[in-house]
Amino acid sequence: DNRDNVFSTSKGVYAELRYERSLEFLWSDFNYWKYNLDVRYFIPIKNDLVVASQFFSSHASSSAPFFDLPYVSNPTIARGYNDRRFINFNILNLQTELRFPIKGRVKGATFVSSTYVPTSLDNITEFGPRWSYGLGIRYEVDKIEKTRFRLDFAYGETFNIYLTANEAF
């Protein structure tokens with residue numbers, strides 16, 4: 001993690017690989033594994049423009065319980081679909097944002113997301129990508145920490161509105 005700011009990054013790279021294992025011999029009701037890969041890249045462009053990209057991949061074994069399966073479609077990944085619209089053993093998502101100043105403390109963003117939900121990793125594109133896109137407005141509450149309130153309007157299969165704090169990623 002070498003981002004310049006955790007809340008509203010304008011340059012740097014963040015990468016996280018998480019592996020989870022549930023074992024019956026440790027008093028678990030299940031015996032499965034799951035891993036997530038989250039890679040984010042931020043490129044500053046002149047006049048406070050920032051291109052932000054995120055690749056998210058999550059995979060679970062076939063014995064994973066339903067409520068621990070990977071999912072997308074939330075205020076941070078694949079905005080524009082109803083919450084947890086895609087739940088599967090394999091999820092891959094790539095999203096990109098262009099963040100830009102509007103006036104003073106008001107900022108803007110436009111974004112696009114492509115999600116793959118394959119039955120296996122052998123054929124990632126079997127169902128094609130699920131696209132979503134949108135735009136948002138941010139109000140910077142704290143200029144030093146770059147804490148912002150975010151209002152995003154996004155469309156995938158449905159139109160969704162998100163009101164949260166800080167950037168999506």
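Which residue in S8 stands opposite Ser113? Ser132 does. The legends below start with the whole chain and then move to close-ups.

**Figure 1. The whole chain is built from strands, with 0 helices and 10 strands.** This is a predicted model, in which local features need pLDDT of at least 70, side-chain atom pairs count only at pLDDT 80 or more, and totals for chains, interfaces and linings use all residues. Residues are numbered from 1 along each chain as its sequence is written, and side-chain values use heavy atoms, with hydrogens and water left out. Helices (DSSP runs of H or I, at least four residues) and strands (runs of E, at least two) are numbered from the N terminus. Read from the N terminus, the order of elements is β-β-β-β-β-β-β-β-β-β. The C-alpha atoms fill a box of roughly 55 × 35 × 25 Å along the principal axes. The chain has 169 residues, and 42% of them count as buried (under 20% relative accessible area; exposed is over 50%, partly exposed in between; 1.4 Å probe, protein chains only).

**Figure 2. An open antiparallel sheet takes up 8 strands.** The strand order is S1-S2-S3-S6-S7-S8-S9-S10. Strand S1 (12-22) and strand S10 (159-165) are the edges, and each pairs on one side only. Two strands pair if DSSP finds at least two bridges between them. Strands of a sheet pair through backbone hydrogen bonds, either parallel or antiparallel.

**Figure 3. S7, S8, S9 and S10 are seen here pair by pair.** Strand S7 (residues 106-116) and strand S8 (residues 130-142) run antiparallel and share 10 bridges. Ser113 faces its partner Ser132 across this pairing. S8 then pairs with S9 over 9 bridges, again in the antiparallel sense. Here Gly134 stands opposite Ala154 in S9. Strand S9 (residues 147-155) is joined to S10 by 7 bridges, and the two run antiparallel. In this last pairing, Leu151 stands opposite Leu163 in S10.

**Figure 4. Positive phi values appear in a turn, a loop and a C-terminal segment.** S8 and S9 form a hairpin with 4 residues between them. Lys146 sits in that turn, and its phi is positive, about 60°. Asn47 also has a positive phi of about 60°, although it is not a glycine. Asn47 lies in the loop between S2 and S3. It counts as exposed, at 62% relative accessibility. Asn166 is another non-glycine with positive phi, near 65°. It belongs to the segment after S10. Asn166 is buried, with a relative accessible area of 16%.

**Figure 5. The largest pocket holds about 260 Å³ of space.** A pocket is an open set of points on a 1 Å grid over the protein atoms alone, where a 1.4 Å probe fits and protein lies on both sides within 12 Å along at least five of seven lines; lining residues have an atom within 4 Å of a point. The volume is that of probe spheres set on points joined across faces, edges and corners. The lining counts 15 residues, and Ser10, Asp48, Val50, Lys146 and Arg148 lie nearest the centre. Strand S2 (32-45), strand S3 (49-60) and strand S6 (90-103) are the elements that each give two or more residues. S6 gives the most, with 3 residues. By class, the lining has 6 nonpolar (Ala, Val, Leu, Ile, Met, Phe, Trp, Tyr, Cys, Pro), 6 charged (Asp, Glu, Lys, Arg) and 3 polar residues (the others, Gly among them). Lys146, the turn residue of the S8 and S9 hairpin, is thus shown twice in these legends.

**Figure 6. Aromatic contacts come to 7 pairs.** The rings of Phe42 and Phe169 are tilted, with centres 6.3 Å apart and planes at 35°. This pair joins distant parts of the chain: Phe42 is in strand S2, Phe169 is in the segment after S10, and 127 residues separate them. Phe42 is buried, at 2% relative accessible area. Phe169 also counts as buried, at 5%. Phe66 and Phe67 form an edge-to-face pair, 5.2 Å centre to centre with 80° between the planes. Both Phe66 and Phe67 are exposed. Rings of Phe, Tyr and Trp (its six-membered ring) pair if their centres lie within 6.5 Å; planes under 30 degrees apart are stacked, over 60 edge-to-face, the rest tilted.

**Figure 7. Lys103 is found in strand S6.** Lys103 counts as exposed, at 69% relative accessibility. Phe89 is 14 residues from Lys103 in sequence. Their C-alpha atoms are 43 Å apart in space.
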